[in-house]
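Me: I'm new to this one. Can you walk me through it? Short answers are fine.

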Amino acid sequence: MNEESNGELYRRPLTIKIPNETRFSVKAWVGSVSIGMTFLLSPVASILTDRLGIRTTCFIGGLMATVGMLLSSFVTSLELLYLTYGVLLGSGASLAYTPSLVVLGHYFHRRLGFVNGLVTAGSSVFTMVMPLLLSHLLDTIELSATLQILALMMASLMLCAITFRPLIVQHQRISEQAEHSSEESLPKGGCLDLTIWRNRKYLLWVFAIPTALFGYFVPYVHLVQHVKDILPSANGEILVTCIGFTSGVGRVIFGKLADFPFINRIMLQQIAFLSIGILTMVLVVARHFVLLVIICLFMGLFDGCFISLLGPIAFDVVGQKGASQAIGFLLGFCSIPLTVGPPVAGLLYDHMKNYNVAFLLAGVPPIVGSLLLCLIHRIRQAPEESLDEEKAKDELKKSVPDLIQSNDIVIKSQEKMALKGNTTEKIKEHSDETTHLNPDPQNAI
């Protein structure tokens, strides 16, 4: 599921075989609609996550994605494919992906960066494996059977969604109501969380990230064609594999690094954007395949840094309560540069007959985004923002007064009070019995 977030589906879109007389640009819209729906519906997915809960939203998304992929295996017209593969699959992917990021913040705190890196690294593995698997399946069996196998893989999302539940250590005598407590017991506000929009750090962050992404994915989409133009005998697919490999490594490394208290996660993301912008520009002067491989290895490394820090930074900036909508709206805004950036680079290529200008211009937005993030370090938390955070914490404590949280477990305080109460009553009963048998200690003597 993290594939969609990283734009990896954009880099390696599923090939849909349509009659040759259909124009390529029309066929390409099938994958574009799917990706666009995945990002555009992220704000809706975040609101549903707050209203319905993490588990329910993800389960519905997995069901929609499975049905969309399965129906795509039976359609015979391009128009229906827009609906099944584009709209239905993309919408389901959006509803499943956003909760998968939010749930990590409910399970992990001190190691959130490392865990987020491990989870998102899975998409890098699939980036390298799935094209080979799909190529083999399409050569061995027909397209419809391939889509049915993918639908079966999509169904695993529903099984994963069932596990999205906070860990609670329960006493033997815990009540039935407490036994079924989960994240649904947390307070649900209105549909739109307005507190995140009063957070100046979030406003700047949610503006800087989409700005950087206008040129971010241009190399991933056009790199293979660029290699064909300058080095006709070289295999550009190797470069994409290199990016996928080091991106997975970078997510784990930088995710772990981001968990150290002295590390500023936003500054790490700035370094990632700055490096990717410079490396994109350097592609223009790299005329040897070995140099291209080195550039792509480092590009993937910093790509992993950027991706692995999206969730943790959202939790840092707005807290756990607003994280779901903070992530959802960020991904929704990211749909614009993801849709506009690569096609604009393609138009420049059609006009210039090379990618020199396209890559030079594509390197500018990540650098600008990196510079915009510098302003976050100068923003001090306003008093009203601090009061809002304290109020949210108080509301959370009032809503779950029976939970006492430690570093690793959650213990029911009512159960502890019951045990203390029972002990006190027994002592009192024993004292009363003694008093009843010996009402006057002096007479007893």
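Me: Where is the kink in H6 centred, and about how many degrees is it?
Reply: The kink in H6 is centred on Leu89 and comes to about 25 degrees. The bend at a residue is the angle between two fitted axes, one for the seven residues ending there and one for the seven starting there. Helices are DSSP runs of H or I with at least four residues, strands are runs of E with at least two, and both are numbered from the N terminus.

Me: Is this a predicted model, and how are things numbered and counted?
Reply: The model is predicted: local features need pLDDT of at least 70, side-chain atom pairs count only at pLDDT 80 or more, and totals for chains, interfaces and linings use all residues. Residues are numbered from 1 along each chain as its sequence is written, and side-chain values use heavy atoms, with hydrogens and water left out.

Me: Back to H6. What span does it reach?
Reply: H6 has 30 residues and reaches 42 Å from its first C-alpha to its last. That is close to the 44 Å expected at 1.5 Å a residue. The expected span is 1.5 Å times one less than the number of residues.

Me: Is H6 largely enclosed or open?
Reply: Of its 30 residues, 22 are buried, so H6 is largely enclosed by the rest of the structure. Buried means under 20% relative accessible area, exposed means over 50%, and partly exposed is in between (1.4 Å probe, protein chains only).

Me: Which helix holds Tyr97?
Reply: Tyr97 is in helix H6, residues 78-107. Tyr97 is buried, at 3% relative accessible area. Its C-alpha is 9.6 Å from that of Leu157, 60 residues apart along the chain.

Me: New topic. How many salt bridges are there?
Reply: There are three. A salt bridge needs a side-chain nitrogen of Lys or Arg within 4 Å of a carboxyl oxygen of Asp or Glu.

Me: What does Arg251 pair with?
Reply: Arg251 pairs with Asp303, with the closest N and O atoms 3.6 Å apart. Arg251 lies in helix H12 (residues 237-257) and Asp303 in helix H14 (residues 289-308), so the pair ties together parts 52 residues apart in sequence. Both Arg251 and Asp303 are buried.

Me: Which residues are linked in a network?
Reply: Asp259, Arg265 and Asp316 are linked in a network of salt bridges. Between Arg265 and Asp259, the closest N and O atoms are 3.2 Å apart. Between Asp316 and Arg265, they are 3.0 Å apart. That second pair links distant parts of the chain: Asp316 in helix H15 (residues 310-352) and Arg265 in helix H13 (residues 265-282), 51 residues apart.

Me: Which of the three are buried or exposed?
Reply: Arg265 is buried at 12%, and Asp259 is buried at 16%. Asp316 is partly exposed at 47%.

Me: How many disulfides?
Reply: A search of the whole structure finds zero. Cys296 is in none; the nearest cysteine sulfur, that of Cys242, is 6.7 Å away. A disulfide takes a pair of cysteine sulfur atoms within 2.5 Å. Cys296 is buried, at 0% relative accessible area.

Me: What does the secondary structure come to?
Reply: The protein has 20 helices and two strands. Of its 445 residues, 47% are buried.

Me: What share of contacts comes from residues 24 or more positions apart?
Reply: They account for 82% of the contacts with a separation of 6 or more. Contact means heavy atoms within 4.5 Å.
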